[in-house]
Structure formats: structure tokens, C-alpha cells
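New to this one? Have a look at the chain below before reading on.

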Amino acid sequence: MDDNLDKELYQNLSDYLKDLAALNDLKDSAPAEYRLDDHQNIVVRTRGSLEVICGPMFSGKSEELMRRLRRAMFAVSDKSVVIAFKHGLDTRYGASELLSHDGNKFRAIPTKCASTILSQSSSSHVVGIDEAQFFPEAIVPVVSALVKAGKKVIVAGLDLDFRGVEFGPMPSLLAIADSITKLSAVCAKCGHDAPLTQRLIDGQPAAFDDGIVHVGGKDEYQARCRLCHVLTKRSVLSERCDGTPEELLRF
Ligand SMILES: [Zn+2]
């Protein structure tokens, strides 16, 4: 994240904290959990929560995220209070939709910037974020600020990369979550429960130190169980001690 993004993020966060302070002032003069909006309508304040849905590829994370967002929409007359974001890097499917592998869709705003999520969620009650593993660490304070502002935040993402190493900001998001749903897929080799993602290049298992761009090779991913998951070359421990290039964490 560059300096400008940093500045924008912290400005937005400080605006949020001011809004929170204003809400706390209101609490003293209004019944708990209720306040009046600009049009004198009663707005119910929720306590805010964070739900994290994680698991390997093909485990149905996007589908589960969409199910929860659709359920939230049934409960409200103003559908605009439910908003979804997806990482801009995920161009496998439609640019402005969440899409599951089985073809279901949900309108979503594509962005690579955590600060955009903060600024565009101000009037929403429920905020969905897909492919959270691709976002920078700045997504963690943003999600915290949204939860503190009383919003229900639902995040979906890969908890582990193809090497079985924690993926991006997911460990931090899991640590601050109110509830965690860890899904498993079906192993493409043996049919057992699969907690891991296998990366294949030209049909062969990728090595730990294979970069994100493999010139001339065709990348493919499968869900695999621990017995069928194959990783060659350097060990996880020696690689992590040496420091891992960021590109390796993204596939
Ligand atoms: Zn297997």
C-alpha cells in the first residue's frame, strides 16, 4: 500500500471514529440501541459483528457468502443497506458480481483498496467482502471500524494458499471474528474431505517456490485432502525463515 492510500485510509478511519463518538453522545439521550437519522426516522443500532467464512478453493465460500447476503436482504425493505465487495484482482468472473463456481450471482463492487470499502459502506447495515485474502493488512482495521459502527460484516476468503501457508490478512480477520465457518471441499483425487488447495502447472504439482507467473505453463487448481496434497522442493519452515516474496502468496 502506498503513502497516499495510507493517508486516505487513516483519514476515513478518523472520520469513522468521530461518527462513533457522536453516536455515543446520542446514547445518553436516546433509548439504548436506537437513534434518529437525518429524516427523524428511528434507526435501530446493532452491536455489529464479524462472520468469517474460510476454506480451500471449491469449498463453496462465495456461495455461502451470497446465501447470507440474500438472507439479510429478505429481512429489510431497503435493499441498499446490504452491500458487497470483491477484490479487483479476481477477474475470473463478471467484473461487478460475486459469482460462485456453480453460477450464482450477487452484485458487488470490485476494488483493491480497503479504504474504498470503508467510504462506500457508510449507509449500509450489512457488508460482504469476497476474496478477502487478496486485500492488504489494512483490511483488518477497516473491518474493525465497520463492526464498531454497528454493521454486520461477512468476509469470505482462502485461509491457506496453495502451499498451506496462512494467506494475507486472513489470520488476523479470523482472530477478531465473532463466528468462523471453515468449509471443506471434496478431494479431486480420492473423494475425502479436502482442507487444502493444490496448484498444478501443466498438470504437475507446483513447487513451493514457483512464482505467480509461470511463463508458458497452464495453472490449474484442485481441492485436495492432506494425503493427496503434493508440494515439492523447499520446506515451508526454511522458506518462511528466509522471507517470502509477496507474489508467491497470491495465486
Ligand atoms: Zn485425497
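Here is a quick tour, from the whole chain down to a few single residues.

Keep in mind that this is a predicted model. The chain has 251 residues, and 32% of them count as buried. Its secondary structure adds up to 6 helices and 15 strands.

**The chain as a whole**

- Among contacts with a separation of 6 or more, 73% are between residues 24 or more positions apart.
- Two examples of partners distant in sequence, Q198 with L231 and F106 with L69, turn up again further down.

**Strand β8 and its partners**

- Start with β8, which covers residues 126-130; it is mostly covered, with 5 of its 5 residues buried.
- Which way do the residues of β8 point? V126, G128 and D130 point one way, while V127 and I129 point the other way, and all of them are buried.
- Strand β4 (residues 82-87) runs parallel to β8, and 5 bridges join the two.
- If you want a spot to find that pairing, look for F85, which stands opposite I129 in β8.
- β8 also pairs with strand β9 (residues 152-157), again in the parallel sense, over 4 bridges.
- Here the residues to look for are V127 and its bridge partner in β9, V153.
- To get from β8 to β9 the chain passes through α4, and this β-α-β crossover is right-handed.
- As background, strands of a sheet pair through backbone hydrogen bonds, either parallel or antiparallel.

**Helix α4**

- The helix in that crossover, α4, spans residues 139-148, and its buried residues are I139, V142, V143, A145, L146 and V147.
- In general, an α-helix has 3.6 residues a turn, so residues three or four places apart point the same way.
- Just after α4 comes G150, which takes a positive phi of about 95°.

**The sheet with β13**

- An open sheet of 3 strands is ordered β14-β13-β15, and its pairing is antiparallel.
- Which strands are at the edges? They are β14 (204-205) and β15 (219-224), each of which pairs on one side only.
- Strand β13 (residues 196-201) and β14 run antiparallel and are joined by 2 bridges.
- One place to see this is L200, whose bridge partner in β14 is P205.

**Q198, a residue in β13**

- Q198 is found in strand β13.
- Is Q198 buried or exposed? It is buried, because 23 other C-beta atoms lie within 10 Å, and the cut-off for buried is 20 or more.
- Leaving out neighbours within four places in sequence, Q198 is in contact with F162, P205, Y221, Q222, R224, H229 and V230.
- L231 is 33 residues away from Q198 in sequence, yet the two are 8.3 Å apart in space, C-alpha to C-alpha.

**F106, a residue in β6**

- F106 lies in strand β6, which covers residues 105-107.
- F106 counts as buried because it has 21 C-beta neighbours inside 10 Å.
- Setting aside neighbours within four places in sequence, F106 is in contact with M66, L69, A84, E97 and L98.
- One of those, L69, is 37 residues from F106 in sequence, and their C-alpha atoms are 8.6 Å apart in space.

Methods. Residues numbered from 1 in each chain as written. Predicted model: local features only at pLDDT ≥ 70, side-chain atom pairs only at ≥ 80, totals over all residues. Buried ≥ 20, exposed ≤ 12 C-beta atoms within 10 Å, placed from the backbone. Contact = placed C-beta atoms within 7 Å. Pairing = 2+ DSSP bridges. Right-handed = clockwise from strand over helix to strand, strands pointing away.
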